[in-house]
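Let us walk through this model together, one region at a time. Keep the viewer open so that you can follow along.

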Amino acid sequence: KHCFRRGADGYLYCEGVRVEDAMAAAERSPFYLYSKPQILRNFAAYRDALQGLRSIVGYAVKANNNLPVLRVLRELGCGAVLVSGNELRLALQAGFDPTRCIFNGNGKTFEDLKLAAESGVFVNVDSEFDLENIVRAARATGKKVPVLLRINPDVDPQVHPYVATGNKTSKFGIRNEKLQWFLDSIKSYPDEIKLVGVHCHLGSTITKVDIFRDAAVLMVNYVDEIRAQGFKLEYLNIGGGLGIDYHHTNAVLPTPMDLINTVRELVLSTDLTLIIEPGRSLIANTCCLVNRVTGVKSNAWQNSSDLVCMEHTRKGLFSRDLINDSECYYYVLEHIELVSPPTPGAEVATFDVVGPVCESADFLGKDRELPTPDEGAGLVVHDAGAYCMSMASTYNLKLRPPEYWVEEDGSIVKIRHEEKLDDYIKFFDGLPA
Ligand code: LLP
């Protein structure tokens, strides 16, 4: 069951609530609209898949760092994967259990590592200098740090190069031929660090579970090699990365159950606790960006689509999404549809749906077939729960919109305030006139 559905009356619903009514309640647009029950359902899919395994679901906070969302996931029993001191602070604020949290990253600062050591989270070792800084942080805080080695299994995740991380040339993880060096170093710091597991993360938007299995096989070989040297490992972390169906094509994509089943026997054979780090597959489909059509513009050139101009862009605009052309998007943007039934007689045509930002890369969808919308018509961009708000820029001073969710009983609740120009002007308080 999915939260956003077209009702028999032709209106788009979020759970039992018409999106149009949410627009009226919000009194403004754009905004992000979540289904809280969908968050619970997505988590339940992982919980059910993990039956029979000792496991930690470490939610990747980078995907969406809305505080009420974090609290819900924490209440469900999630741990968290954190990649900055601020993400770590926010996770602690949201009440996550530090012993279910992993601090990860290729450029962790000494300051952030001290905070990690102090709070008792697991820390991934990513490089020689990182190991050195973790040891220093342990000494500075007097805490022994539980660490996992982030290993590159060198498995091709078959995704856009910008979201591939599990290959040898990636900037993340240790160089595998130096594994023995890392093990020897770790042995020389018995008071500062304790090696408790291994980690890998292959990439994001992965749609074939065999890839996870191939990586798990290699990781289990590493586990054997490391155990043979007397280390008492407890955790096998296979990262996140499960993709979702952005195109709504009815393509059968793997579920959390498919993912876990493909590694289940292997994990059981190691007697380790499995850690997985989903971001996108937990949160992306729980949310739409609700927008309005500012106007429709004819582009007048032969073979060029007319334009539907929106108030706001999915990520504010994040032009690093792009290399050169739309082929190179991480994932060609999401499913877009009108909130309300079209005006009778509205002609169905092909449009480019574009944002207002001063860059031609700012489009939400190309060649989309839509009934010609009226000015002010509501239009949603689906699957906007992951890596949208958390990556949004405020370019052109298009400030970040508010967020709402629909609760189990159908109430519409604001879960983040909109940014205001005053918030921005405060950055200059007390500075030269
Ligand atoms: N674990 C680690 C170590 C990661 O680097 C990531 C995501 C995850 C877990 C969660 O992956 P997920 O399940 O969400 O695929 N900016 C991109 C996404 C970057 C993902 C980075 N790492 C985007 O806009 O889609």
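Helices here are DSSP runs of H or I with at least four residues, numbered from the N terminus. With that in hand, Asn221 can be placed in helix α8. One thing to keep in mind throughout is that this is a predicted model. Asn221 is partly exposed, at a relative accessible area of 43%. From its C-alpha atom to that of Leu364 you would cross 43 Å, and the two residues are 143 apart along the chain.

Helix α8 (210–227) also has a part in the surroundings of another helix, α7, since it is among the elements that cover the buried residues of α7. Helix α7 spans residues 179–187, and its buried residues are Leu179, Phe182, Leu183, Ser185 and Ile186. Viewed down the axis of α7, these buried residues fall within an arc of 165 degrees, so they line one face of the helix. The general geometry helps here: an α-helix has 3.6 residues a turn, so residues three or four places apart point the same way. Besides α8, the cover over the buried residues of α7 includes β8 (122–125), α6 (128–141), β9 (145–150) and β10 (193–199).

Some of those elements come up again when you turn to helix α5, residues 110–119. Its buried residues are Asp112, Leu113, Ala116, Ala117 and Ser119. They pack against α4 (85–93), β7 (101–103), β8, α6 and β9. Just past the end of α5 sits Gly120, with a positive phi of about 85 degrees.

Now for the wider setting. An unreviewed UniProt entry annotates residues 38–284 as "domain: Orn/DAP/Arg decarboxylase 2 N-terminal". The C-alpha atoms at the two ends of residues 38–284 lie 10 Å apart, and the span is 41% helix and 15% strand.

The unreviewed UniProt entry also lists Lys62, under "modified residue: N6-(pyridoxal phosphate)lysine". You will find Lys62 in the loop between β5 (55–60) and α3 (67–76). Lys62 counts as partly exposed because its relative accessibility is 33%. Setting aside neighbours within four places in sequence, Lys62 is in contact with Val83, Glu87, Tyr387 and Ser390.

A second annotated site is Cys358, which the unreviewed UniProt entry covers with "active site". Cys358 is placed in the loop between β16 (348–354) and β17 (363–371). At 58% relative accessibility, Cys358 counts as exposed. Residues up to four places away in sequence aside, Cys358 touches Tyr395 and Asn396.

Follow the chain into strand β17 and you meet Asp367. Asp367 is exposed, with 53% relative accessibility. Its contacts, again without residues up to four places away in sequence, are Ser305, Thr350, Phe351 and Asp352. For Asp367 and Ser305, the C-alpha atoms are 6.5 Å apart in space, while the residues are 62 apart in sequence.

What about the other cysteines, and how many disulfides does the whole structure hold? The search finds zero. Cys3 is in no disulfide, and the nearest cysteine sulfur, that of Cys14, is 5.2 Å away. Cys3 is buried, with a relative accessible area of 0%. For Cys78, the closest cysteine sulfur belongs to Cys101 and is 10 Å away, which is too far for a bond. Cys78 is buried too, at a relative accessible area of 3%.

Finally, look at the empty space. Rolling a probe the size of a water molecule over the atoms shows where such space is left. The structure holds two cavities of 30 Å³ or more. The second largest cavity has about 30 Å³ of space. Its lining is made by Tyr46, Phe212, Ile238, Gly239, Gly240, Gly241, Leu242, Leu259, Ile276 and Pro278.

Among the pockets, the second largest has about 690 Å³ of space. The second largest pocket is lined by 27 residues, and those nearest its centre are His2, Gln38, Ile244, Asp245 and Asn285. Helix α2 (residues 36–49) gives the largest share of that lining, with five residues.

Conventions
Residues are numbered from 1 along each chain as its sequence is written. This is a predicted model: local features need pLDDT of at least 70, side-chain atom pairs count only at pLDDT 80 or more; totals for chains, interfaces and linings use all residues. Side-chain values use heavy atoms; hydrogens and water are left out. UniProt positions are given in the numbering used here, feature names are shortened, and annotations may be inferred rather than shown by experiment. Buried means under 20% relative accessible area, exposed over 50%, partly exposed in between (1.4 Å probe, protein chains only). Contact means heavy atoms within 4.5 Å. A disulfide is a pair of cysteine sulfur atoms within 2.5 Å. The arc is that of the directions from the helix axis to the C-beta atoms. On a 1 Å grid over the protein atoms alone, a cavity is a set of points where a 1.4 Å probe fits but cannot get out, and a pocket is an open set with protein on both sides within 12 Å along at least five of seven lines; lining residues have an atom within 4 Å of a point. Grid points are joined across faces, edges and corners, and a volume is the space filled by probe spheres set on the points.
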